[in-house]
Amino acid sequence: MAAVSSTDLRAALILPCLLAVPAVEPLNAAESASEAQGGGMSGLYGAYDMQREASGTSWQPDTTPMSGIHAMRGEWTTMLHGFVDAIYDDQGGPRGAAQSFSSSMLMFVARRDLAAGAFGVHLMLSGDPLMGASGYPLLFQTGETADGRRPLIDRQHPHNLLMEAAATWSRDFDLASVFLYAGPAGEPALGPTAFMHRLSALDNPEAPITHHWLDSTHVSYGVVTAGIVWRTFKLDASAFNGREPDQHRYDVELRGLDSYSARLTWNATATLSMQASSGRLAAPEQLEPGIDVRRTTASVTYNAPLVADWWQTTVAWGRNAPSQGPASEGWLLESALKLGADHTVFARAERVAKDDLFLSGAPLYGETFTVNKLTVGYVFDFARFGAASFGVGALLSEYSYAQTLNSIYGTRPTSFMLFARMKL
């Protein structure tokens, strides 16, 4: 029997996911032009355009362009969106490492009108498990585990194969609507739009090091959310499984709904979306089963009103207060600008307090260090075939921190990524 290479296995598993587009009745030319920007597809949670909706039940500015394949099949309106990135990653300094890997995501949304509301489904898959349980090198990133015994440090964990599987129901009234969102995998009402779905972050293949202060609950195995929309306000609350996924990335790890959260969102104008949220996570880290976390976040996302293309900026703050140990905060400022059809520039600045950079027994174990990181990058989309665009890009990251860490991380290390991508 012939041996199967890891490259062959990656192609065998990822490509069917990306090509498994359900049979649909395509829109006509005029409808396709409108739907390419999200216009015309109504929201799942209220009487507004779907451009407002992002990951889970989160909102984004109403003017956010929505890429993907939009189509109709009978009474169903559908949207398919996804990407595959092939990345070479080189993290600098003594704690850095180099690795080639691929990350990917495929998201399917379907909506059907009801008598006075809507029913919908969300399904999202990722090929990230193919990169291995330890993920990819990322200086100062922490959270989760690759072996069930030691925490990941200076590495970003992969996402699970199943990222979302949820159903939605909404009921419209004169000026308001109520809705439910529930499923075995989904995103509770906590934090800003997840980084894989924020337009200001979408072109950056690198996860934020503030991820576990802002939006790490975006893959929760067991979620029930109820909410109300009134004019441009949304209030939603969730009961969910607060444990983050373990190292078995193909599993669905259902547990009791032991955590809760609530979020208030206001789309003050068509170009501005703001949210504040708070929640209690029951023992989110697998290796710290007795430590609960109170997470509080706030964020603002703004779309600059350009004549063509787009420019989106997000500023976000998160605070984790564990039941044992000191509280810590993380700040994020990121922006992405689309210049013409082919060019995108992006940047991200972060400041976060890290107390988990060392294993137990190390001299600096348990000490908190403030880490600052600045990333800038560029993507050139050089070709389009049907609904798919193909591009190449690069990013560069610099860090600053206390001199105490110089002997461990080096003096101002530089990291970079080179990547090629396909995006729907």
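Three exercises on strands, aromatic rings and a surface patch follow, each with a worked solution.

The model is predicted, so local features need pLDDT of at least 70, side-chain atom pairs count only at pLDDT 80 or more, and totals for chains, interfaces and linings use all residues. Residues are numbered from 1 along each chain as its sequence is written, and side-chain values use heavy atoms, with hydrogens and water left out.

**Exercise 1. Trace the strand pairing from E8 to E10.**

Step 1. Strands are DSSP runs of at least two residues, numbered from the N terminus. Two strands pair if DSSP finds at least two bridges between them.

Step 2. E8 (residues 162–172) and E9 (residues 176–185) run antiparallel and are joined by seven bridges. Ser-170 stands opposite Phe-179 in E9. The hairpin from E8 to E9 passes through three residues.

Step 3. E9 also pairs with E10, again antiparallel, over eight bridges. Here Val-178 has Ile-228 in E10 as its bridge partner.

**Exercise 2. Which residues form the nonpolar surface patch, and which strands supply at least two of them?**

Step 1. A patch takes residues with over 30% relative accessible area and no salt bridge, nonpolar side chains (Val, Leu, Ile, Met, Phe, Trp, Tyr) being joined within 5 Å. A salt bridge is a side-chain nitrogen of Lys or Arg within 4 Å of a carboxyl oxygen of Asp or Glu. Areas come from the Shrake-Rupley method with a 1.4 Å probe, and only the protein chains shown count as cover.

Step 2. The members are Leu-175, Ile-228, Trp-230, Phe-233, Leu-235, Leu-264 and Trp-266, together about 670 Å² of accessible area.

Step 3. E10 (223–230), E11 (233–240) and E12 (259–269) each supply at least two of these residues.

**Exercise 3. Classify the Phe-140 and Tyr-399 ring pair and locate both residues.**

Step 1. Rings of Phe, Tyr and Trp (its six-membered ring) pair if their centres lie within 6.5 Å; planes under 30 degrees apart are stacked, over 60 edge-to-face, and the rest tilted. The whole structure holds 14 aromatic pairs.

Step 2. Phe-140 and Tyr-399 are 5.6 Å apart centre to centre with 50° between the planes, a tilted pair.

Step 3. Phe-140 lies in E6 (residues 136–145) and Tyr-399 in E19 (residues 388–400), so the pair ties together parts 259 residues apart in sequence.

Step 4. Buried means under 20% relative accessible area, exposed over 50%, and partly exposed in between. Phe-140, at 0%, is therefore buried, and Tyr-399 is buried at 1%.

Step 5. Ring pairs link Phe-140 and Tyr-399 with Tyr-401 and Tyr-409 into a cluster.

Note on methods: Patch = residues over 30% accessible without salt bridge, like charges linked within 9 Å, V, L, I, M, F, W, Y side chains within 5 Å. Helix = DSSP H or I, 4+ residues; strand = E, 2+ residues; numbered from the N terminus. Buried < 20%, exposed > 50% of the residue type's maximum accessible area, 1.4 Å probe, protein only.
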